[in-house]
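Open the model in a viewer and keep the selection panel at hand. The stops below each give a selection and then a description of what it contains.

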Amino acid sequence: LQYLPEGGVCLCLPTGKTGAVVQIPLPDYALAITEKYKRKSGRYLLPRLANTNFNLQIKEVMRLAGWAHPLPRLRQRQGRLQEVRNREGGCWRFYEHITAHTMRRTAITTLLLLGVDENSVRQLSGHAPGSREFYRYVALVQDYLNDRVKKAQARLISGEGVLG
């Protein structure tokens, strides 16, 4: 953690791919969580979990939150979409799709939707300049924004929402 002179706290982390250090401003609630679970010694701020255990715990939290509706897992095989069944031969549940990477993608998309500029989000997420992977998020957000603009235009054309 880095305490900023102007107030506030940042989490400083090296990115996995580029090795660049990013500073992530922490809101008060996140700082409270880090203080509560802070390790007493060692190199890491919080207790370490293996990725597998972390993903299993995320899935359990989602299940407990009630996100258990059926959501098929689809794959393309020989140019056709086919449903992939779980071990019991049934349909996958929503919570079974969630991983740590899902949370990362959600955070990136949310920042873009909230208007944080692409360059800042790209740096914060550790994507290299010109990263094709990063522009998948931008395209997703652009589709969402295009849909919102079309709905607003339809409201304007119909006279709905226009101040008289």
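The tour covers a predicted model and goes through strands, a pocket, aromatic side chains and a few single residues.

**Stop 1: the three-stranded sheet**

Select residues 2-3, 9-14 and 21-26. Residues 2-3 are strand S1, while 9-14 and 21-26 are strands S2 and S3. Together the three strands make an open sheet, ordered S1-S2-S3, with antiparallel pairing. S1 and S3 are the edge strands; each has a single partner strand, so one side of each has no neighbour in the sheet.

Now restrict the view to S1 and S2. Two bridges pair these strands in the antiparallel sense. Gln 2 has Cys 10 of S2 as its bridge partner, and Tyr 3 is opposite Val 9 in S2. Five residues lie between the strands of this hairpin, and Gly 7 there has a positive phi near 100 degrees.

Move on to S2 and S3. How many bridges pair S2 and S3? There are six bridges, again in the antiparallel sense. One position to label is Cys 12, which stands opposite Gln 23 in S3. The hairpin of S2 and S3 has six residues between its strands, and Gly 19 in it adopts a positive phi near 80 degrees.

**Stop 2: the hairpin of S4 and S5**

Select residues 73-77 and 80-84. These are strands S4 and S5, which run antiparallel and are joined by five bridges. Label Gln 76 and Leu 81: the bridge partner of Gln 76 in S5 is Leu 81.

Two residues separate the strands of this hairpin. Select Gln 78, which lies in the loop between S4 and S5. Its phi is positive, about 55 degrees, although Gln 78 is not a glycine. Is Gln 78 buried or exposed? Gln 78 is exposed, because its relative accessible area is 77% and the cut-off for exposed is over 50%.

**Stop 3: the largest pocket**

Begin with Leu 11, Leu 13, Ile 24, Phe 54 and Met 103. The largest pocket holds about 2400 Å³ of space. Of its 49 lining residues, the five just selected are the closest to the centre.

Extend the selection to the elements that give two or more residues to the lining. These are strands S2 and S3 together with helices H1 (28-37), H2 (51-64), H3 (100-113), H4 (118-125) and H5 (132-158). Which element gives the most to the lining? H3 does, with nine residues. Colour the lining by residue class: 32 residues are nonpolar, 10 are polar and seven are charged.

**Stop 4: aromatic rings in a cluster**

Select Phe 134, Tyr 135 and Tyr 137 and show the side chains. Ring pairs join these three residues into a cluster. The count of aromatic pairs in the model is three. For Phe 134 and Tyr 135, the ring centres are 5.5 Å apart and the planes are at 80 degrees, so this pair is edge-to-face; the cut-off for that class is over 60 degrees.

The two residues of this pair can also be coloured by accessibility. Phe 134 has a relative accessible area of 0% and is buried, whereas Tyr 135, at 38%, is partly exposed.

**Stop 5: charges over rings**

Select Tyr 44 and Arg 48. The charged end of Arg 48 sits over the Tyr 44 ring, 4.0 Å from the ring centre. Then select Arg 73 and Trp 92. Here the charged end of Arg 73 sits over the ring of Trp 92, at 3.8 Å from its centre.

**Stop 6: two C-alpha distances**

Select Leu 56, a residue of helix H2. Leu 56 counts as exposed because its relative accessible area is 51%. Add Ala 100: the two residues are 44 apart along the chain, and their C-alpha atoms are separated by 9.6 Å.

Finish with Ile 98, in the loop between S5 and H3. Is Ile 98 buried or exposed? Ile 98 is buried, because its relative accessibility is 10% and buried means under 20%. Draw the C-alpha to C-alpha line from Ile 98 to His 127: the two are 29 residues apart in sequence and 22 Å apart in space.

Definitions and conventions:
Residues numbered from 1 in each chain as written. Predicted model: local features only at pLDDT ≥ 70, side-chain atom pairs only at ≥ 80, totals over all residues. Heavy atoms only, no water. Phe/Tyr/Trp six-rings, centres within 6.5 Å; stacked < 30°, edge-to-face > 60°. Buried < 20%, exposed > 50% of the residue type's maximum accessible area, 1.4 Å probe, protein only. Lys NZ or Arg CZ within 6 Å of the ring centre and 35° of its normal. 1 Å grid on protein atoms, 1.4 Å probe; cavity = no way out; pocket = protein on both sides within 12 Å on 5 of 7 lines; lining within 4 Å. Points joined across faces, edges and corners; volume = space filled by probe spheres on them. Helix = DSSP H or I, 4+ residues; strand = E, 2+ residues; numbered from the N terminus. Nonpolar A, V, L, I, M, F, W, Y, C, P; charged D, E, K, R; others polar. Pairing = 2+ DSSP bridges.
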